Amino acid sequence: MASFDQYADLAAGRALLWLNPSLARQGSASELTRNDMLAAQERLHRFAPLLMRLFPELQASGGTIESPLVQAPALQQALGVGAEHGRLWIKADHSLPIAGSIKARGGFHEVLEFAEKLAVEHGLLAGGTSHAQLAEAPARQLFNRYEVAVGSTGNLGLSIGVMASALGFRATVHMSSDAKEWKKERLRNRGVKVVEHAGDYEQAVAAGRAEAEQDPCSHFVDDERSLSLLLGYSAAAPRLQQQLVAAGIAVDAEHPLFVYLPCGVGGAPGGIAFGLKQLFGPHVHCFFAEPTQSPCFMLRMMDGPGMDRSVYDIGLSNRTEADGLAVPRASELAASLMQPLLSGVYTVEDAQLFRHLYLAQREEDIRIEPSAAAGLSGPAMLCDSEQGQAYLAHHGLSKMMPQATHIAWTTGGLFVPPEEYRRFHEWGASLME
Ligand SMILES: *Cc1c(COP(=O)(O)O)cnc(C)c1O
């Protein structure tokens, strides 16, 4: 489902934009519904009083974990995107508290769903008891009999590990070799058991899954297969809808919305895109962004179902500084869900990620990690490339672009240590010449 040329660019590690020929005008029926998304949002809401007790930094937000939507006019200009293409906004998940990345959404939701299920089974939430009670000894003793485990390149481990241990679970994180040292350190400081694996993300997940299967008291958060994770991410959509309303931004036939989402295995961007399509239908256009050496989602979408190839199979290295996106094979759950919903996928070279990381700081004082910069290439990829212009023409959008809204989702960065960030920033600055 891709041209020979596009496969050639993909395999050569050249940046490209691929358009999804299966994009349907009306979202086709899937097993997941809008109600599933709203149920996840409700669950996060029920837990807010508990989260406020467990994490003092959530006092101000009443236990809600959310990020702002901010306009980025200076960055838009620095990225070379003119006002005739609409306006650039940033969905600032790089600032999400507790986890410091988009993984707070899905990861926290799955841990909380597991905790809620155990608490209900053991009568701890009977008769309308507030979830805040789950910070007390009876619940903690119950949770301590269970383990929550996960395999991760880093950020998912941080999110699951921190939330699970805060609730009183035993927490184990299986880390891939490309996971950053500071992420392991941060987890160990919180009493999380970190198991290091010599292999990549896929191997860390497989090892964690196999180990958890041996233990009936272990719950494995499966990044490649979990519905709970995906629905936790989707809860971002109704929140974004409220923020758009508050900012006076219309989304309709005359005001298209373009969203650019950094993609690893596909769960986070897939959940969010699913949610946005439930709310905005054909008026929202979702694009995923991947490093040129780890374009697993693009490969899966080009191949269609059944081929099950990894980026290694087409000669790519899966080596990228964007550790949150260093995934060799897409989640089948996310890929099949996205088949009729996704507008396209584009790839970005690492050097470009660093330039944009640098520009985000220089123009808007936004501090992001390399993975989170992938969304910033989106507007130019769409508006300046032949493929992108063909997409706009095909959907009758070319004339609407001055009223368009572009949202680049900056997915992580808050807890990157200052020395590490300085290195990224200097590298980005050196690439600007
Ligand atoms: C995990 C992650 C993503 C992508 O999420 P997937 O579910 O793996 O697709 C994007 N950005 C950052 C910073 C991440 O940690």
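How much space lies in the second largest pocket? About 240 Å³ lies there, as the last view shows. The model is predicted: local features need pLDDT of at least 70, side-chain atom pairs count only at pLDDT 80 or more, and totals for chains, interfaces and linings use all residues. Residues are numbered from 1 along each chain as its sequence is written, and side-chain values use heavy atoms, with hydrogens and water left out.

**View 1. The shell around the ligand.** The ligand is surrounded by 16 residues (each with a heavy atom within 4 Å of it). Lys103, Asn155, Gly266, Ala268 and Thr411 are the closest. Six residues of the shell are nonpolar, eight polar and two charged (Ala, Val, Leu, Ile, Met, Phe, Trp, Tyr, Cys and Pro count as nonpolar, Asp, Glu, Lys and Arg as charged, and the others, Gly among them, as polar). Helix α11 (residues 267–280) gives the largest share of the shell, three residues (helices are DSSP runs of H or I with at least four residues, strands are runs of E with at least two, and both are numbered from the N terminus).

**View 2. Short distances to ligand oxygen atoms.** Lysine 103 has a polar side-chain atom 2.7 Å from an oxygen atom of the ligand. For alanine 268, a backbone N or O atom lies 2.8 Å from a ligand oxygen atom; for valine 265, the corresponding distance is 3.0 Å. The ligand taken alone exposes 380 Å², and the protein buries 99% of that (accessible areas by the Shrake-Rupley method with a 1.4 Å probe).

**View 3. The largest pocket.** A pocket is an open set of points on a 1 Å grid over the protein atoms alone, with protein on both sides within 12 Å along at least five of seven lines; lining residues have an atom within 4 Å of a point. The largest pocket holds about 370 Å³ of space (grid points are joined across faces, edges and corners, and the volume is that filled by probe spheres set on them). Its lining has 21 residues, with Leu23, Arg25, His285, Tyr391 and His395 nearest the centre. β9 (284–291) and α16 (386–394) each supply at least two of them, and α16 gives the most, three.

**View 4. The second largest pocket.** This pocket, of about 240 Å³, is lined by 18 residues, and Leu44, His45, Thr64, Ile65 and Arg239 are the closest to its centre. Helix α2 (34–54) contributes the largest share of the lining, six residues. Nine lining residues are nonpolar, six polar and three charged.

Technical notes:
Polar contact = N/O pair within 3.5 Å; in protein donor to acceptor, adjacent residues only side chain to side chain. 1 Å grid on protein atoms, 1.4 Å probe; cavity = no way out; pocket = protein on both sides within 12 Å on 5 of 7 lines; lining within 4 Å.
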